[in-house]
Amino acid sequence: MRLGQGRSILTADERLAQFMAMGMAGLLLLFLAWPLGEILVKALQGREGQFIGLRNLRELLTEPRLLSAAWNSFYLAVLSTALVVPAALVFAFALAQSRMPFKPVFKVIALSPLLTPSLMPAISLVYLFGNQGALKAWLHGVPIYGPLGIVLGECFYTFPYALLVLLTALSISDARLHEAAEVLGANRYRRFMTVTVPTIRYGLTSACLIVFTLVVTDFGVPIVVGGQTNVLAMEAYKQVLGQQNFQKGAAVGLVLLLPAVLSFAAERWLARGRGGTFSGSSVAYSAKPSALRDGLLWTLCSAVSVFLLALIGTAVVASFIKLWPYNMQLSLAHYDFANVDGGGWLAFRNSLKLGAYTAAVGCAVIFAGAYLAEKTPAPKPVAALIQSLALMPMAVPGLVLGLGYVFCFNRPGNPLHKLYGTMAILVISTVVHFYTTGHMAIMTSLRQIDGEVESVARSLQRPWWTTCRRVTLPITLPALLDVARFLFVSATTTVSCVIFLYTPDTVLASVAVLNMDDAGDTASAAAMASLIVATSLTVTLALNGLGWLLNRRAQAWRKPLTA
Amino acid sequence: MSGFLEVQGIVKRFGSFTALAGIDLRVAKGEFLCLLGPSGCGKTTLLRIIAGLEAQDAGTVQVEGRDISHLPPARRDYGIVFQNYALFPNLNVAENIGYGLRSGRAARRARIEELLALMDLSGIERKYPSQLSGGQQQRVALARALANCPGLLLLDEPLSALDARVRVHLRQELKQLHQKLGITTIMVTHDQEEALSLADTVAVMDHGSIEQVGTPEQIYHRPASRFVADFVGHSNFPPVRVRQDGMVELAGQEIPVLGAHLAGNARLFCRPEDIQIDPPSGTARLMALVENLEFLGPVRRATLRLEQARDIVLRVDLGAKDPGVAAGQRVPVGFPSERMLLFADEAV
């Protein structure tokens with residue numbers, strides 16, 4: 001029996017893997033590429049669905065309201081980036097290359113915004129500096145509602161993202177380079193400029209791009225403290241949910257997609273050919289003590305930490321107070337959501353469900369996709385398709401993805417219309433929304449396993465699922481736990497994508513925060529936000545604990561891998 | 001002798017690069033064959049094609065007359081050991097060895113015990129790969145490859161990740177193991193010493209083709225091409241002239257060479273240990289100046305410059321029993337005809 005030259009007959013299990021890989025690619029096309037395509041189509045349509053070409057976009061450019069919104073989005077994003085990135089750089093430098101005391105504590109504080117919905121800092125800002133704010137006098141009459149509030153809130157929200165990127169960039173700095181520079185007689189300043197700066201240039205650029213994109217596409221903060229300041233993200237939200245003008249919403253969505261896609265492309269472009277920097281033989285840099293440097297950094301990090309803690313803490317504290325600032329008695333009244341709109345405990349329970357389902361489904365799907373594309377003889381084009389589709393969600397703001405889902409699955413003719421309004425579509429959209437981060441984590445972990453392991457297993461006549469179950473999965477488990485934690489926390493805190501997809505039955509806690517705040521029930525919103533933070537914190541601690549236990553059990557074989 | 005494994009016309013291209021340009025190879029049952037060559041010569045690609053891990057663009061692979069060219073690895077019946085062993089890091093030694101065994105629990109247990117004893121691994125069956133030395137890991141990989149009693153054993157640079165002393169030791173063990181089990185073995189290596197000491201047959205490869213197939217002795221003493229002569233061992237290639245009458249002249253002196261067939265300018269192939277200092281009478285001799293002596297332990301390597309042709313430099317190995325010479329001394333050197341070969345004069 002002979003097939004075409006250059007091709008081999010596959011065993012039954014390998015053929016199954018091929019079908020599964022094709023299925024995976026199909027799912028990604030269905031739930032990622034299709035909704036995004038719908039946005040494109042919708043943006044070129046008039047209100048009646050007729051084709052009008054670029055008129056929506058042209059109108060966008062001539063409407064002064066939208067133009068000013070675009071300008072606001074732009075300059076607020078630039079301003080936030082200019083504030084966040086230097087602060088994050090100092091913080092990252094302190095964590096990676098100093099002997100500053102209490103580093104782990106600082107790190108936990110710095111990453112804590114990841115556990116909060118993006119509306120939370122805005123609510124805290126209102127409590128601190130709003131009309132009845134405790135510290136309103138500090139602002140000397142400048143209102144917190146508007147550019148100031150937006151920038152402060154966005155700084156809080158984007159800080160951990162910038163920090164993580166810069167921290168990675170700084171930690172890959174090779175100690176031997178520092179030593180070589182020192183031996184050659186370079187002083188501290190010269191070493192910083194010639195060794196540290198070049199290694200982080202890429203990280204710095206990518207941090208700027210990430211922060212800029214996050215700010216432009218976020219609408220949680222502006223909606224609470226934006227006041228009269230209109231931004232593009234809010235505009236898309238209002239066009240669709242307020243005025244039911246899907247076509248114009250799609251056009252705004254397209255405009256929002258622009259910075260994300262551009263920065264994503266720029267990042268990819270910068271990343272090309274950078275494999276060599278992450279050499280496995282690098283020696284970790286450990287700084288020598290320096291009282292002046294460490295003291296200075298400690299002070300700066302403390303200042304940033306106080307800012308971050310204040311924006312979480314204020315909302316938490318306020319949620320326990322009867323009537324801020326008039327009646328400062330402690331009370332649990334705001335946690336009884338019976339008398340406010342927004343969904344109350346149902347929303348909270350739904351969020352828990354969404355988090356759990358997203359974590360479970362997401363881990364399974366993301367692992368399957370990465371595994372099939374990387375470790376099985378999947379057809380090359382299919383594997384490439386999975387790999388490139390998996391990177392796409394990173395470049396798509398949640399808001400835009402959510403719009404795409406509305407356009408795609410809210411259309412009665414769509415055979416999957418039944419999904420609309422269910423918990424399932426919330427889970428699917430959330431998994432897709434956060435797919436890239438999970439995919440990259442699993443991929444990194446899979447690539448650390450010697451590729452020949454699969455070859456050996458095949459020569460030993462074992463089907464791939466045996467190898468997957470006995471070898472690959474156990475090795476990837478810590479990464480999977482990390483992804484599960486990330487998906488759960490993201491699912492409970494996100495608003496941007498699900499805001500277009502929830503129904504009264506599937507209302508979510510993060511959406512409830514938004515709606516309660518909108519209705520003026522700020523204290524209840526703060527209470528709900530605090531519940532979200534408490535939940536994500538608990539889940540994070542639980543999964544970290546589980547990871548620690550697993551790691552201890554596996555220490556016998558894992559130890560030298562981490563050494 | 002009919003081939004157990006027959007490779008015919010194997011071609012493999014990666015884009016515009018031809019990794020294998022029509023390979024024909026025959027391995028007899030029980031034979032130990034080494035694919036020897038510099039990195040990039042295609043030897044590993046050939047092994048991977050035989051293993052079914054890479055698909056050839058043309059050509060066939062047959063085992064005992066059965067065409068396996070397009071079978072998946074699982075149906076080809078071989079065991080394989082990779083350079084880095086590719087042990088399952090989260091499984092212990094016994095689990096690694098037993099991974100491919102599908103017999104009942106008791107039978108599997110017995111087979112694992114047998115392999116542990118065979119590979120001298122008893123006592124460490126509960127350890128994990130990362131807790132083993134390089135040599136132990138290599139033996140575990142070998143035991144795992146042999147577990148299913150495959151008809152063919154493929155070794156991809158199995159010794160190159162080890163340090164020199166362990167490597168020599170394991171080389172001997174590998175040889176003994178092969179003699180004991182008689183399993184047909186193909187090993188890829190770039191280490192000529194390894195190939196010469198282990199193999200029944202060596203296939204020297206360069207630029208995607210096989211340059212020569214032969215016993216280690218043939219490869220070493222009768223290399224088929226200048227490349228083989230150069231790649232395996234050390235050699236001298238002084239320029240010579242082949243006269244009309246077939247006599248070979250080195251620096252004006254007639255040198256008898258067996259089977260000389262070239263004409264005009266050529267190169268004389270002579271190993272450092274084959275050139276004699278102070279040769280017995282009757283051998284053609286040339287006077288040379290000892291320029292330098294290098295002490296290499298068991299031998300001393302002398303650098304000689306011919307007096308009649310000062311641009312010709314020869315390296316000659318002196319054993320412990322050879323006459324003592326010193327730098328600056330003039331010595332007669334001889335070229336035993338049965339050890340000399342001629343190659344065309346081309347740039348290397």
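User: Which residue follows α18(A), and what sign does its phi have?
Analyst: A:Q461 follows α18(A), and the phi of A:Q461 is positive, near 65°. This is a predicted model, in which local features need pLDDT of at least 70, side-chain atom pairs count only at pLDDT 80 or more, and totals for chains, interfaces and linings use all residues. Residues are numbered from 1 along each chain as its sequence is written, while chains are lettered from A and ligands numbered from 1 in the order in which they are written.

User: What makes α18(A) a helix?
Analyst: A helix is a DSSP run of H or I with at least four residues, and a strand is a run of E with at least two, numbered from the N terminus. α18(A) has eight residues, so the length condition is met.

User: Why is α18(A) called mostly covered?
Analyst: A residue is buried if 20 or more other C-beta atoms, placed from the backbone, lie within 10 Å of its own (12 or fewer: exposed; in between: partly exposed). Seven of the eight residues of α18(A) are buried, among them A:V453, A:E454 and A:R458.

User: What covers the buried residues of α18(A)?
Analyst: The cover includes α13 (344-375) and α19 of chain A, together with α1 (43-51) and β6 (78-81) of chain B.

User: How do you know which residues form the contact between chains A and B?
Analyst: Two residues are in contact if their C-beta atoms, placed from the backbone, lie within 7 Å. The contact takes 30 residues from chain A and 28 residues from chain B. On the side of chain A that touches chain B, the largest share, six residues, comes from α18(A).

User: What classes of residue make up that side of chain A?
Analyst: That side of chain A has 14 nonpolar, seven polar and nine charged residues. Ala, Val, Leu, Ile, Met, Phe, Trp, Tyr, Cys and Pro count as nonpolar, Asp, Glu, Lys and Arg as charged, and the others, Gly among them, as polar.

User: What makes β13 and β20 of chain B edge strands?
Analyst: Two strands pair if DSSP finds at least two bridges between them. Five strands of chain B form an open sheet in the order β13-β12-β11-β14-β20, with antiparallel pairing. β13 (253-255) and β20 (341-344) each pair on one side only.

User: How do you know that β14 and β20 of chain B pair?
Analyst: Strand β14 (residues 264-269) and β20(B) share four bridges in the antiparallel sense, which meets the requirement of at least two, so the two strands count as paired. The bridge partner of B:R267 in β20(B) is B:F343.
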